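New to this one? Here is a quick, informal tour, starting at the ligand and working outwards.

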Amino acid sequence: MPGYAGLARLRTGWQPIETVVELRSGISEPEQMSRVTVYSTAHCGYCNMTKTKLDQWDIPFDEVRIDNDAAAMKEFAEITNGARTVPQIVIDGKPIGGFSELTELHMDGDLDELMESY
Ligand SMILES: N[C@@H](CCC(=O)N[C@@H](CS)C(=O)NCC(=O)O)C(=O)O
């Protein structure tokens, strides 16, 4: 999945980042969004590993490409409280960290628990 700067991949396909900001603030239909969002850039190995793992675990996710796009960067900075690396993974609006934190959550069984709860 290549991904495009300034776009986010939602259930409805690749959308402008502004759509994500609107969805997150409740302006549009929240059901268009997955519970998991991966903030990524191009040529990021950890981002690719994250997406591969989520696919393997059958966890649907949206993807927001933050490179070369001010609106996407702003959204990223706000939701992750100024994280310095990608990927950053957000579940139900809560930032959980990067690839390492995601795999730790999975190994501890906490990711399954988190995804089962709603
Ligand atoms: N421990 C982090 C590592 C992520 C990481 O190093 N990402 C690279 C891109 S693949 C990055 O953001 N590098 C920029 C930097 O370190 O400033 C994780 O597990 O997500």
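Let's start with the company the ligand keeps: the shell around it splits into five nonpolar residues, four polar ones and one charged. Keep in mind that this is a predicted model. The protein chain has 118 residues, and 28% of them are buried.

**Around the ligand**

- The residues surrounding the ligand are Cys-44, Gly-45, Tyr-46, Arg-84, Thr-85, Val-86, Pro-87, Gly-98, Phe-99 and Ser-100.
- Two helices chip in here: H2 (45–56) and H4 (99–107) each provide at least two residues of the shell.
- One stretch of the shell has a twist to it, as Val-86 and Pro-87 are joined by a cis peptide bond, with omega about 0 degrees.
- As for where Pro-87 sits, look in the loop between helix H3 (70–80) and strand E5.
- That bond is worth a second look because most peptide bonds are trans.

**The overall layout**

- Count up the elements and you get five helices and six strands in the protein chain.
- Walk along the sequence and the order of the elements reads β-β-α-β-α-β-α-β-β-α-α.
- Take the contacts between residues at least 6 apart in sequence: 58% of these join residues at least 24 apart.

**Helix H2, one of the ligand's neighbours**

- Helix H2 is 12 residues in length, and its first and last C-alpha atoms are 16 Å apart, close to the 16 Å expected at 1.5 Å a residue.
- Cys-47, Thr-50, Lys-51 and Leu-54 are the buried residues of H2.
- Looking down the axis of H2, you'd find these buried residues within an arc of 95 degrees, so they line one face of the helix.
- What lies over them? The cover for the buried residues of H2 includes strands E3 (36–40), E4 (61–65) and E5 (88–91), along with helix H4.
- Flip to the face turned away from the buried side, and there you meet the exposed residues Gly-45, Thr-52 and Gln-56.
- Gly-45 turns up twice in this story: it is exposed on H2, and it is part of the ligand's surroundings.
- After H2 comes Asp-58, with a positive phi near 60 degrees.

**Helix H3**

- H3 has its own buried set, made up of Ala-72, Glu-75, Phe-76 and Thr-80.
- Those residues span an arc of only 105 degrees around the axis, which puts them on the same side of H3.
- Ala-70 and Glu-78 are exposed on the other side of H3.
- Just past the end of H3, Asn-81 has a positive phi of about 60 degrees.

**The E5–E6 hairpin**

- Strands E5 and E6 (residues 94–97) run antiparallel and are joined by three bridges.
- Across the pairing, Ile-91 faces Lys-94 of E6.
- There are two residues between the strands of this hairpin, and Asp-92 has a positive phi near 50 degrees.
- Pro-95 belongs to strand E6.
- Is Pro-95 buried, exposed or partly exposed? It has 17 C-beta neighbours inside 10 Å, so it counts as partly exposed.
- Which residues does Pro-95 touch, leaving aside its neighbours within four places in sequence? Its contacts are Ile-79, Thr-80, Asn-81, Gln-88 and Val-90.
- Take one of those contacts, Thr-80: it is 15 residues from Pro-95 in sequence, yet the C-alpha atoms of the two are 5.7 Å apart.
- Thr-80 is also among the buried residues of H3, while Asn-81 comes just after that helix.

**Unusual backbone angles in the loops**

- Most residues other than glycine have a negative phi, so positive values stand out.
- Asn-68 isn't a glycine, but its phi is positive, at about 60 degrees.
- You'll find Asn-68 in the loop between E4 and H3.
- Asn-68 counts as exposed because 12 other C-beta atoms lie within 10 Å.
- Asp-92 is another non-glycine residue with a positive phi, this time about 50 degrees, and its place is the loop between E5 and E6.
- With 12 other C-beta atoms within 10 Å, Asp-92 is exposed.

Notes. Residues numbered from 1 in each chain as written. Predicted model: local features only at pLDDT ≥ 70, side-chain atom pairs only at ≥ 80, totals over all residues. Near = placed C-beta within 6 Å. Helix = DSSP H or I, 4+ residues; strand = E, 2+ residues; numbered from the N terminus. Nonpolar A, V, L, I, M, F, W, Y, C, P; charged D, E, K, R; others polar. Expected span 1.5 Å × (residues − 1). Buried ≥ 20, exposed ≤ 12 C-beta atoms within 10 Å, placed from the backbone. Arc of directions from axis to C-beta. Contact = placed C-beta atoms within 7 Å. Pairing = 2+ DSSP bridges.
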